[in-house]
Amino acid sequence: MPDTRRTDLVLLLVALVWGSSYLTAKSATDALPVLVVLFARYLISALAMVPPVLAAARRGRERWTREEVRVGSVLGVTQAAVLVLETYGVARTSAANAGLLISLTLVITPLLDRTGGRGGVPPRFYLAAGMCVAAVALLTAGHGLRAPGTGDALILAAAVVRAGHVVLVGRLTAGRSLRALQLTSVQMAVGAVLCAVPAAGGLPTLAHASAGTWGQLVYLALFCSVFAFLAQTWAIQRTSPGRASLLLGTEPVWAAAIGIGLAGEHLTLAAALGAALMVAGTYWGQAIERAHRTAGSVREPAGGRPPKRLTGTPA
């Protein structure tokens with residue numbers, strides 16, 4: 001298989017795995033308390049990352065640098081906030097809605113990002129954002145337009161916090177030699193610690209969880225966290241950011257398809273139109289922001305911002 005096609009398939013697999021995480025998390029929270037699900041997901045992820053970190057250390061480098069621990073701890077807090085909002089939200093709305101609404105992150109992030117001296121985004125970007133707002137209204141409509149439900153509101157809040165997390169990643173990692181594996185392992189450990197005390201009262205429920213529920217927890221940890229992030233990092237190093245964004249941007253499509261196809265979630269005409277508007281609006285807004293960023297980098301002097309050494313963080 002050609003390298004380009006292999007890379008594209010890996011990115012599509014990452015998008016598929018992340019898209020499936022909403023239905024998996026929803027099913028897991030039907031059987032266990034939300035904070036117990038989050039604690040188990042974080043703990044399994046953290047333990048799974050110890051062997052590769054130790055293997056890297058045997059090659060003569062530090063297991064974790066002080067900078068990686070410091071930055072990873074900060075990002076671990078914001079990432080935990082995202083997952084808490086996402087998981088509580090998906091427990092109270094449909095998996096399809098959750099996957100589509102969280103894609104607002106792609107539009108919100110450029111509004112929050114003011115790094116690089118590029119100034120504000122072009123006016124047409126707000127038209128794309130407006131399409132997404134209209135999509136939210138249609139996606140959360142029942143038998144007529146209404147205010148978003150509790151779950152929808154939590155997912156919208158998660159999209160805002162997730163956008164802030166992405167911006168923070170950029171600011172804290174710019175120009176620093178931070179290793180993705182070590183940084184992610186710190187974030188997983190921080191998330192496990194943060195969830196441990198609030199989840200303590202519900203931990204006995206794990207002893208009564210079915211094999212299917214444990215399988216969902218392992219899937220969320222090993223595939224939706226560890227595998228997806230490492231695969232994303234590997235693939236982005238072998239393709240262009242634009243191509244990677246396009247392929248990873250199919251995540252809400254997979255989330256909707258899995259929620260409707262496997263869970264039998266109902267798709268009304270209004271919701272179908274909202275889904276189409278959401279995908280179109282996020283893709284259009286992403287394309288506008290990418291063109292604006294590219295134009296800014298061309299105008300930037302040779303001695304401008306140093307390149308970032310870290311390509312992303314797990315979802």
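In the predicted model, Phe 223 counts as partly exposed, its relative accessibility being 40%. This residue is found in helix H9, which covers residues 211–236, and together with Val 218 and Leu 222 it forms a nonpolar patch on the surface, for which the joint accessible area is about 210 Å². Phe 223 also takes part in an aromatic pair with Tyr 219, a stacked arrangement in which the ring centres are 5.3 Å apart and the planes enclose an angle of 25°. Because Tyr 219 and Phe 223 are four residues apart in helix H9, about one helical turn separates them. Tyr 219 is likewise classed as partly exposed, at 25% relative accessibility, and ring pairs link Tyr 219 and Phe 223 with Phe 227 into a cluster.

In total, the structure holds three aromatic pairs. One of the pairs is formed by Phe 125 and Tyr 126, whose rings are placed edge-to-face, with 6.2 Å from centre to centre and 90° between the planes. The two partners differ in their surroundings, since Phe 125 is buried at a relative accessible area of 0%, whereas Tyr 126, at 45%, counts as partly exposed.

With regard to the overall architecture, the chain contains 12 helices and zero strands. Of its 315 residues, 50% count as buried, and the accessible surface comes to about 14300 Å², with 66% of this area belonging to carbon and sulfur atoms. Among contacts with a separation of 6 or more, 92% are accounted for by residues that stand 24 or more positions apart in the chain.

The largest nonpolar core comprises 59 residues, and those with the most contacts inside it are Tyr 22, Leu 32, Tyr 42, Leu 104, Leu 217 and Met 278. Helix H2, spanning residues 34–57, gives the most to this core, contributing 12 residues. When neighbours within four places in sequence are left aside, Leu 32 is in contact with Val 37, Thr 205, Leu 206, Ala 209, Thr 213 and Leu 217. Another core lies apart from the largest one and has 11 residues, among them Leu 11, Val 14, Trp 18 and Ile 236.

A further buried position is provided by Ser 103, which has a relative accessible area of 5% and is placed in the loop between helix H4 (95–101) and helix H5 (105–112). Beyond its neighbours within four places in sequence, Ser 103 is in contact with Pro 252, Met 278 and Thr 282, and of these partners Met 278 is also listed among the residues with the most contacts inside the largest nonpolar core.

Key:
Residues numbered from 1 in each chain as written. Predicted model: local features only at pLDDT ≥ 70, side-chain atom pairs only at ≥ 80, totals over all residues. Heavy atoms only, no water. Core = buried A, V, L, I, M, F, W, Y, C linked by side-chain atoms within 4.5 Å. Buried < 20%, exposed > 50% of the residue type's maximum accessible area, 1.4 Å probe, protein only. Helix = DSSP H or I, 4+ residues; strand = E, 2+ residues; numbered from the N terminus. Contact = heavy atoms within 4.5 Å. Patch = residues over 30% accessible without salt bridge, like charges linked within 9 Å, V, L, I, M, F, W, Y side chains within 5 Å. Areas by Shrake-Rupley, 256 points an atom, 1.4 Å probe, with all protein chains shown as cover. Salt bridge = Lys/Arg side-chain N within 4 Å of Asp/Glu carboxyl O. Phe/Tyr/Trp six-rings, centres within 6.5 Å; stacked < 30°, edge-to-face > 60°.
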